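Colleague: I would like to learn how to read a protein model feature by feature. Could you take me through one slowly?

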Amino acid sequence: KVGSLQSRVLRRLFQVGRTLSHREFDFISCSYRLGGYVGFLRDKGWTIVNHDETCKTKDIVPRKVLFTRYELFATFTPELQERIKQFCKAVDKFEAAATASNNKAA
């Protein structure tokens, strides 16, 4: 459904070879629940693979933390690719309108 956070996750994952981390999704959506939305999409049949990575923090006492990047694995028929293209345009339009609305409020 366009306008949902799930649609915003799919919009990013539909880009071939694209992975998405929690931090990236939080930046574009102001939502801390990427893992939950990925779970909903998996429940609906989407094949989303975890790529676990580690990095050092910039804390006073540096430590390594584990984080996950998500990637969609799928192949699409030409007809479905066209529907996905239209879906992505609709999500982009929704996000542009939401951004414009937020900028006016600020």
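**Pockets and packed helices**

Modeller: Let us start with a pocket and ask who builds its wall: in the second largest pocket, the largest share of the lining, three residues, comes from α4. Please keep in mind throughout that this is a predicted model.

Colleague: Which elements each supply at least two residues of the lining of that second largest pocket?

Modeller: Those elements are β3 and α4, the latter covering residues 78–105. The pocket itself has a volume of about 250 Å³, and of the 14 residues that line it, the closest to its centre are Phe14, Gln15, Val16, Ala74 and Phe76.

Colleague: How do the residues of this lining divide into nonpolar, polar and charged?

Modeller: One sorts the lining residues by their type, and for the second largest pocket this gives seven nonpolar, four polar and three charged residues.

Colleague: How much space lies in the largest pocket, and which residues are the closest to its centre?

Modeller: The largest pocket holds about 360 Å³ of space. It is lined by 13 residues, of which Ser21, Arg23, Cys55, Val65 and Phe67 are the closest to the centre. When we go from residues to elements, we find that α2 (22–29), β2 (48–56) and β3 (64–72) give two or more residues each to this lining, and that the largest share, five residues, comes from β3. By type, the lining of the largest pocket divides into five nonpolar, four polar and four charged residues.

Colleague: Before we turn to the helices, how many helices and strands does the protein have, and in what order do the elements run?

Modeller: The protein has four helices and three strands, and, read from the N terminus on, its elements run α-β-α-α-β-β-α. Along its principal axes, the C-alpha trace spans about 50 × 40 × 20 Å.

Colleague: How should I read the packing of two helices, for instance α1 and α3, and at what angle do they pack?

Modeller: We look at the angle and at the separation of the axes. Helix α1, residues 5–13, is named by its place in the chain, as is helix α3, residues 34–43. The two pack at an angle of about 85°, with their axes 10 Å apart. Angles of 65 to 115 degrees count as roughly perpendicular, and α1 and α3 are therefore roughly perpendicular to each other. Leu5, Gln6, Val9 and Leu10 of α1 make the contact with Leu34, Tyr37, Val38, Phe40 and Leu41 of α3. The residues of this contact divide into eight nonpolar, one polar and no charged.

Colleague: Why are α1 and α2 described as oblique to each other?

Modeller: Helices α1 and α2 pack at an angle of about 120°, with their axes 11 Å apart. The range for roughly perpendicular ends at 115 degrees, and roughly antiparallel applies to angles over 145, so α1 and α2 are oblique to each other. Moreover, α1 passes α2 in a right-handed crossing. The contact is made by Leu5, Arg8, Val9 and Arg12 on the side of α1, and by Phe25, Ile28 and Ser29 on the side of α2. By type, the residues of this contact divide into four nonpolar, one polar and two charged.

Key:
Residues are numbered from 1 along each chain as its sequence is written. This is a predicted model: local features need pLDDT of at least 70, side-chain atom pairs count only at pLDDT 80 or more; totals for chains, interfaces and linings use all residues. Side-chain values use heavy atoms; hydrogens and water are left out. On a 1 Å grid over the protein atoms alone, a cavity is a set of points where a 1.4 Å probe fits but cannot get out, and a pocket is an open set with protein on both sides within 12 Å along at least five of seven lines; lining residues have an atom within 4 Å of a point. Grid points are joined across faces, edges and corners, and a volume is the space filled by probe spheres set on the points. Ala, Val, Leu, Ile, Met, Phe, Trp, Tyr, Cys and Pro count as nonpolar, Asp, Glu, Lys and Arg as charged, and the others, Gly among them, as polar. Axes are lines fitted to C-alpha atoms, for helices over the stretch in contact, and angles run from 0 to 180 degrees between N-to-C directions. Angles under 35 degrees count as roughly parallel, over 145 as roughly antiparallel, 65 to 115 as roughly perpendicular and the rest as oblique. A crossing is left-handed if the near helix is turned anticlockwise from the far one by less than a right angle, and right-handed if clockwise. Contact means heavy atoms within 4.5 Å.
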